[in-house]
Amino acid sequence: PPESRILMFAMTEGAIRFLADTAQLFATAARDGVAADDEAVTARIAASFTGSLIMRPLMLYLLAAVAGGIARRAGGTGSWRDSRAAVCWAALVAAPIFVATSTVQTAVVLPALAQEAVWMINVSSFAVALAYCLAEAHGFRRVWAVFLVIGVSTILLVAGALALSRL
């Protein structure tokens, strides 16, 4: 796809995540007895908007640069544009999983362990989509090898994030 469509994939995924985040923010505020027009709620929504529609696409482009570089060093034949298309499309494909898990979190107060499990489901769905998209974009015949690299990287990132969150 042309660059305009790749950017649209990233921005659409960001918009979907923003809407899910906003619903969750309002539900959390209502559960805590905070008014929807409270300054703290408004600030969180503004931060979510900025993060989802500006910072998230930038992070997807950064991920595409890293993933594309690794794929090319491993013998991949895809270009920088192919890597961007693969990463942004994978994010868009995984967005409905995020909406579903966000809906569950909005409807039910989950204990901390369940919230971490939901976060892992979101990360895993993106990792699976990313493995298939990168394998296709870079001409790898064995998706399992790409998935193995992404899976190990994801496990390490998740473990690091969980360790940091407990500090």
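Colleague: Which residues in α4 are buried?

Modeller: In this predicted model, the buried residues of α4 are E116, V118, N122, S125, F126, A127, A129, L130, A131, C133, L134 and A135.

Colleague: And what covers the buried residues of α4?

Modeller: The cover includes α2 (39-73), α3 (80-107) and α5 (143-165).

Colleague: Let us take N122. Why does N122 count as buried?

Modeller: The relative accessibility of N122 is 13%, and buried means under 20%, so N122 counts as buried. The residue lies in helix α4, which covers residues 112-137.

Colleague: What does N122 touch, leaving out residues up to four places away in sequence?

Modeller: N122 touches I97, F98 and T101. With T101 there is also a polar contact between the two side chains, at 2.8 Å.

Colleague: Back to the helix itself. What span should α4 have, and how far apart are its end C-alpha atoms?

Modeller: α4 has 26 residues, so at 1.5 Å a residue it should span 38 Å. Its end C-alpha atoms are 37 Å apart, which agrees with that expectation.

Colleague: Which residue with a positive phi follows α4?

Modeller: That residue is G139, with a phi near 75°.

Colleague: A different topic: at what angle do α1 and α3 pack?

Modeller: Helix α1 (residues 3-31) packs against α3 at about 15°, and their axes are 9 Å apart. Angles under 35 degrees count as roughly parallel, so α1 is roughly parallel to α3.

Colleague: Is that crossing left-handed or right-handed?

Modeller: The crossing of α1 past α3 is left-handed.

Technical notes: Residues numbered from 1 in each chain as written. Predicted model: local features only at pLDDT ≥ 70, side-chain atom pairs only at ≥ 80, totals over all residues. Heavy atoms only, no water. Helix = DSSP H or I, 4+ residues; strand = E, 2+ residues; numbered from the N terminus. Buried < 20%, exposed > 50% of the residue type's maximum accessible area, 1.4 Å probe, protein only. Polar contact = N/O pair within 3.5 Å; in protein donor to acceptor, adjacent residues only side chain to side chain. Contact = heavy atoms within 4.5 Å. Expected span 1.5 Å × (residues − 1). Axes fitted to C-alpha atoms, helices over the stretch in contact; angles between N-to-C directions. Parallel < 35°, antiparallel > 145°, perpendicular 65-115°, else oblique. Left-handed = near helix turned anticlockwise from the far one by under 90°.
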